[in-house]
Amino acid sequence: QVQLVESGGGLVQTGGSLTLSCAASGRTVSNTGMAWFRQAPGKNREFMSGIRWRTYYADSVKGRFTISRDDAKNTVDLQMNSLKPEDTAVYYCAADEGWYVGPNEYEYDYWGQGTQVTVSS
């Protein structure tokens, strides 16, 4: 059974930084399509970033967010800089055994429970 556990969320001021971490068990992240999504209140879940043999970013976070993978720890991190109030959301880690990385949330096999990020103005 694959489990994903996110951590690192919290409250930060505009312009600040946070690093989210997704710890995986039951499958190695190096053999899995891994992604970060977010869902703001009243909005659909949206793709932020993904990693396979290359990295992928939504236009809204390109240049501000960086995704990375630590194979030794079996984690995928999302470094978030220059945060804005519109980045406020619950952030989810997702994994696909078929190596899919992209915006279609229905392609992913496993999801974490989410971690709240709140950016104050």
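This report walks through the aromatic pairs, the arginines over rings and the disulfide in a predicted model.

## Ground rules

Being a prediction, the model is filtered: local features need pLDDT of at least 70 and side-chain atom pairs count only at pLDDT 80 or more, while totals for chains, interfaces and linings use all residues. Residues are numbered from 1 along each chain as its sequence is written, and side-chain values use heavy atoms, with hydrogens and water left out.

## Aromatic pairs

Searching the whole structure turns up seven aromatic pairs. One of them is Phe 37 with Phe 47: the ring centres are 5.6 Å apart and the planes sit at 80°, so this pair is edge-to-face. Here, rings of Phe, Tyr and Trp (its six-membered ring) pair if their centres lie within 6.5 Å; planes under 30 degrees apart count as stacked, over 60 as edge-to-face, and the rest as tilted. The two partners come from distant parts of the chain, 10 residues apart, with Phe 37 in strand β4 (residues 33-39) and Phe 47 in strand β5 (residues 46-51). Strands are DSSP runs of E, at least two residues long, numbered from the N terminus.

Both phenylalanines are tucked away. Phe 37 is buried, at a relative accessible area of 0%, and Phe 47 is buried too, at 12%. The cut-offs are under 20% relative accessible area for buried, over 50% for exposed and in between for partly exposed (1.4 Å probe, protein chains only).

## Tyr 108, Trp 111 and the cluster

Tyr 108 and Trp 111 also make an edge-to-face pair, at 5.9 Å centre to centre and 65° between the planes. Tyr 108 is buried, with a relative accessible area of 6%, whereas Trp 111 is partly exposed at 26%. Ring pairs tie these two into a cluster with Phe 37, Phe 47, Tyr 92 and Tyr 100.

## Arginines over rings

Trp 111 has another partner: Arg 45 lies over its face, 4.3 Å from the ring centre. Arg 52 does likewise with Trp 53, at 4.3 Å from the ring centre. To count, NZ of Lys or CZ of Arg has to be within 6 Å of the ring centre and within 35 degrees of the ring normal.

## The disulfide

The whole structure holds one disulfide (a pair of cysteine sulfur atoms within 2.5 Å). Cys 22 and Cys 93 form it, with their sulfur atoms 2.0 Å apart. The torsion about their S-S bond is about -75°, so the disulfide is left-handed. It links distant parts of the chain, 71 residues apart: Cys 22 belongs to strand β3 (residues 18-25) and Cys 93 to strand β9 (residues 89-96). Both cysteines, Cys 22 and Cys 93, are buried.

Conventions: Helix = DSSP H or I, 4+ residues; strand = E, 2+ residues; numbered from the N terminus.
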